[in-house]
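Here is a walk through one model, taken a region at a time. Keep the sequence and the 3D view open side by side as you read.

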Amino acid sequence: MTDRWDPGAFKSRVDEVLRGFVAEEADLFASVDPLLAPVAEQLEAAVTDGKRLRAAFCYWGWRAVGQPDSEALVRATASMELVHAAAVVHDDLIDDSPLRHGRPTPHLALRAAVQDRPLADDTARSLAMLVGDLLMSLAGQLFATCGLPAAYLARARPLWSVLARELIAGECLEILRTGTGPDTTASLKVIRYKTAKYTVEQPLLIGGALAGAGDRLRAGYSAYGLPLGEAFQLRDDLLGLFGAPEHTGKASADDVRGHRPTALLAETWRLARADDRERLAALLGSRDLDADGLDAVREVMCRLGAPDRIEHMIGARVAEALDALHGLDVPAPAAGALTSLAHSATVRLS
């Protein structure tokens, strides 16, 4: 790979690694017993789609230190996408989300495979949970066998514990905050731990650790990665409610039906007066929410200017991230790629 950043070419390389590795592991898994075939299919489905942003941040965390491109490095970066796949399977299960990338989520897809069994819904959900668990295990396996020197891997290995602890802490915080009084500060903390850290900061730090990055550069990665990761999730929250499902591949009503602690809902509540709060309270968390109810929520948000507030928060965080990046002494190709990634992560339709 040349120093010119080509996101499409990089994605193809990561896709090739993921599909080959997971296909082999899925075959080994299914060989234990024919009953496991539907579960093995979901392992492969979990890595079919994705922008491969996390792999890209890990890659440039390495390259920004001055290290060269290599196939072993790409295998290491692909492990970040298995972490993401595991998190998505668990997140969709917890949130009872019906769609991801326009396809049924694993707990629904597996429902068809066990529909003749007693307690089919519970069985499918349990199987989906285990799909997520296995994907996380495979992430560690791919990283450990990527082909980089053992001494390099040893430098990065402690960060995996940090990544897992913070990701699960964020998921737990979201569960505990769901259905409670909307609070923007609390929502931003959920975003930081559930998404921002494992999407941008930790992949950068792991790539940097593999390459032997110094303290100043690692601090710079965090200064760039945290606000950018938050901006990424804030954009996701906007797209979740205002994006077109044919682009997002997800159901628009998920956040409202689940009364999830998004910053968009928290800002709407903060700006609302008593009559709007009463109206919102009747809609948030309603499992029977229809298209008219969803439009009513959107109307209140737009009238109060909440989406504009989130757009401002996104812009401020991207600017903060780029300011931090410009203060780092990194090779020009790395600076250019990380600038491009900041925009592609936050200016998107899906």
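H101 is partly exposed, because its relative accessible area of 41% falls between the 20% and 50% cut-offs. Bear in mind that this is a predicted model. H101 sits in the loop between β1 (99-100) and β2 (103-104), and although H101 is not a glycine, its phi is positive, at about 55°.

Two other residues come up for their backbone angles. L119, in the loop between α5 (106-113) and α6 (120-144), is a residue other than glycine with a positive phi near 55°. L119 counts as exposed because its relative accessible area is 63%, and exposed means over 50%. D96, placed just after α4, also takes a positive phi, of about 55°.

**Two long-span checks**

That brings us to helix α4 itself, which covers residues 71-95. With 25 residues, α4 reaches 36 Å from its first C-alpha to its last, close to the 36 Å expected at 1.5 Å a residue. Is α4 enclosed or open? Of its 25 residues, 20 are buried, so α4 is largely enclosed by the rest of the structure.

Helix α9 (residues 215-242) gets the same kind of check: its 28 residues should span 40 Å at 1.5 Å a residue, and the end C-alpha atoms are indeed 40 Å apart. As for cover, 22 of the 28 residues of α9 are buried, so the helix is mostly covered.

One residue to look up in α9 is D236. D236 is buried, because its relative accessible area is 18% and the cut-off is under 20%. Which residues does D236 touch, once those up to four places away in sequence are set aside? They are K250 and R348. P333, on the other hand, is 97 residues from D236 in sequence and 28 Å from it in space, C-alpha to C-alpha.

**Around helix α7**

Now scroll to helix α7 (residues 150-177), where you'll find C172. E174 is also in α7. C172 has 37% relative accessibility, so it goes down as partly exposed. E174, by contrast, is buried, with a relative accessible area of 9%.

Which residues meet E174 when neighbours within four places in sequence are left out? D91, D95, V190, K194 and P261 are in contact with E174. Two of these partners, D91 and D95, fall within the residue range of α4. K194 turns up again with C172: the two are 22 residues apart in sequence, and their C-alpha atoms are 8.5 Å apart in space.

**The cavities**

How many cavities of 30 Å³ or more does a search of the whole structure find? There are 2. Here they are side by side:

| Cavity | Volume | Lining by class |
|---|---|---|
| Largest | about 90 Å³ | 5 nonpolar, 6 polar and 3 charged residues |
| Second largest | about 30 Å³ | 3 nonpolar, 1 polar and 2 charged residues |

The lining of the largest cavity is made up of 14 residues, and T180, G181, P182, D183 and P261 lie nearest its centre. P261 is one of the residues in contact with E174, too. Helices α8 (184-211) and α12 (263-271) each supply at least two residues of this lining.

For the second largest cavity, the lining consists of D237, L241, D255, T262, L264 and L265. Here α9 and α12 each give at least two residues. That puts α12 in the lining of the largest cavity and in that of the second largest.

**α12 against α13**

One last stop is the pairing of α12 with helix α13 (residues 274-283), whose axes come within 8 Å of each other and cross at roughly 145°. On the α12 side, T268, W269 and R270 meet R277, L280 and A281 in α13. Sorted by class, the contact has 3 nonpolar, 1 polar and 2 charged residues.

Notes. Residues numbered from 1 in each chain as written. Predicted model: local features only at pLDDT ≥ 70, side-chain atom pairs only at ≥ 80, totals over all residues. Heavy atoms only, no water. Helix = DSSP H or I, 4+ residues; strand = E, 2+ residues; numbered from the N terminus. Buried < 20%, exposed > 50% of the residue type's maximum accessible area, 1.4 Å probe, protein only. Expected span 1.5 Å × (residues − 1). 1 Å grid on protein atoms, 1.4 Å probe; cavity = no way out; pocket = protein on both sides within 12 Å on 5 of 7 lines; lining within 4 Å. Points joined across faces, edges and corners; volume = space filled by probe spheres on them. Nonpolar A, V, L, I, M, F, W, Y, C, P; charged D, E, K, R; others polar. Axes fitted to C-alpha atoms, helices over the stretch in contact; angles between N-to-C directions. Contact = heavy atoms within 4.5 Å.
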